[in-house]
Amino acid sequence: MRVLILADDCNPDWPSLPVVGYKFARAIANYVDVTVVTQIRNQPNIDREGMGKAEVVYLDTEKIAAPIYKLATTLRGGKSTGWTIQMAMNYPSYLAFEWYAWKRFRGDLRKGQFEVVHRITPMSPTLPSPMAKWSPVPFLLGPLNGNLPWPRQFTAELSREREWLSYVRNAYKLLPYYRSTYSRSAGILAAFKHTIAGLPDSVTSKTINFPEVGIDPKLFTLPTRHQHQQKTILFVGRLVPYKLPEVVVRAFANSSVLQQHRLVIVGEGPERPRLEQIIEEQGLDECVKLTGQKSQSEVGELMRQAEILAFPSIRELGAGVVVEAMACGMACVVVDYGGPATLIEPDRGIKIPLGDFNHLVKHFREELEQLVTDHDRVSCLGVAAHHHAVTYYSWDAKARKVLEIYKWLTGCQEMKPNFWTQP
């Protein structure tokens with residue numbers, strides 16, 4: 001089977017979506033004959049790391065994309081916040097990317113040299129795909145992830161995130177190619193219930209609940225942990241308002257029990273000065289450490305050295321960091337909302353009910369206090385979390401599931417695959 005993969009964001013060195021696109025496409029190439037189409041900005045890093053068995057074709061749309069990205073960065077006030085603005089501004093440059101891809105491959109597609117066209121990035125459901133309409137072979141869209149409403153308890157964080165466009169977010173449904181994207185796609189991969197809920201009702205029969213997050217078992221593995229009196233609690237993520245790293249710091253500030261243990265905060269962002277001020281004012285210098293941004297391999301090592309992940313993000317679409325922590329056998333404490341709500345179940349972690357800021361501080365403090373004194377529970381939660389993560393979320397497992405989906409789209413398999421059913 002030959003598959004044409006569209007991956008505008010595809011880079012082994014860039015965090016979040018680009019590295020997800022890279023690892024996903026590379027894993028799929030182990031099972032089918034893949035040609036990956038991506039942006040020329042990704043070429044230096046892909047050429048250095050390689051793309052496994054996949055052929056790579058680079059498209060140069062920088063004359064359009066570069067000035068649009070520069071303008072979007074200005075409107076966002078930097079690169080850390082205002083993601084809805086970024087998505088809106090990406091629309092014209094992404095149309096250009098797919099137009100270039102169509103011009104390059106329309107002859108091959110019309111000759112039947114590919115059985116499937118699969119767009120894996122971008123993953124936002126707000127960015128339509130004209131290729132869905134143009135392609136003469138089955139078109140697979142996704143995994144998509146989005147449509148998660150902003151919690152009403154956190155309007156202050158919404159303002160600090162510069163998410164003003166979220167109030168008119170549904171305007172994307174009026175964009176050209178929106179309707180044809182969903183009507184002409186042969187299959188749609190959508191991550192979690194919050195994404196599926198925002199899709200047109202007419203696409204239910206061809207939609208598969210397929211989380212976009214994944215893990216590399218070489219980087220995120222289960223260590224041999226020894227019982228230590230002092231536990232290490234880890235927060236990993238961009239230091240931005242909606243991820244609420246302040247919740248964990250405040251939980252430590254309010255707890256003499258937690259202050260006997262360690263909190264390590266991994267990440268960088270505009271919230272760092274705020275956190276540093278709280279740490280100084282509350283006298284937490286001895287038990288709270290900010291490390292700054294770390295590479296994936298460094299994060300994996302820190303996760304193997306820690307026992308507990310505290311992740312109070314209140315608008316987490318996918319939560320790849322939670323899957324990585326689960327793979328490392330950590331006991332995860334998350335908010336029961338968005339992606340983490342599906343990733344974590346009572347046998348493999350703890351979910352805090354969504355509430356206001358003080359509610360989260362109180363409940364994170366209580367749950368963390370219990371965990372640091374119960375080594376057996378931490379161990380049991382971590383082992384179950386590890387098993388679930390490697391069974392369903394390793395890139396190889398996900399690639400094998402995609403192969404099933406390709407067979408279903410091309411008529412080689414009758415039953416629509418289910419992500420959580422073992423082949």
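**Strand pairs, packing and a cavity**

Reader: What makes strand β1 and strand β2 a pair?
Author: β1 (residues 2-7) and β2 (residues 33-39) share five bridges in the parallel sense. A pair needs at least two bridges found by DSSP, so these strands qualify. One bridge joins I5 to its partner V36 in β2. Strands here are DSSP E runs of at least two residues, helices H or I runs of at least four, numbered from the N terminus. This is a predicted model: local features need pLDDT of at least 70 and side-chain atom pairs 80 or more, while totals for chains, interfaces and linings use all residues. Residues count from 1 along each chain as written, and side-chain values use heavy atoms, without hydrogens or water.

Reader: Why do β3 and β7 count as edges?
Author: The seven-stranded open sheet runs β3-β2-β1-β4-β5-β6-β7, with parallel pairing. β3 (55-59) and β7 (207-209) each have a single partner strand, so one side of each lacks a neighbour in the sheet.

Reader: How do you know that helix α1 packs on the sheet?
Author: α1 (residues 17-28) touches β1, β2, β4 and β5, contact being heavy atoms within 4.5 Å.

Reader: Why is the largest cavity called a cavity?
Author: On a 1 Å grid over the protein atoms alone, a cavity is a set of points where a 1.4 Å probe fits but cannot get out. The search found one of 30 Å³ or more. Lining residues have an atom within 4 Å of a point, and among them are R119, Y178 and Y182. Helix α7 (178-184) gives the most, three residues.

Terms used
Axes fitted to C-alpha atoms, helices over the stretch in contact; angles between N-to-C directions. 1 Å grid on protein atoms, 1.4 Å probe; cavity = no way out; pocket = protein on both sides within 12 Å on 5 of 7 lines; lining within 4 Å. Points joined across faces, edges and corners; volume = space filled by probe spheres on them.
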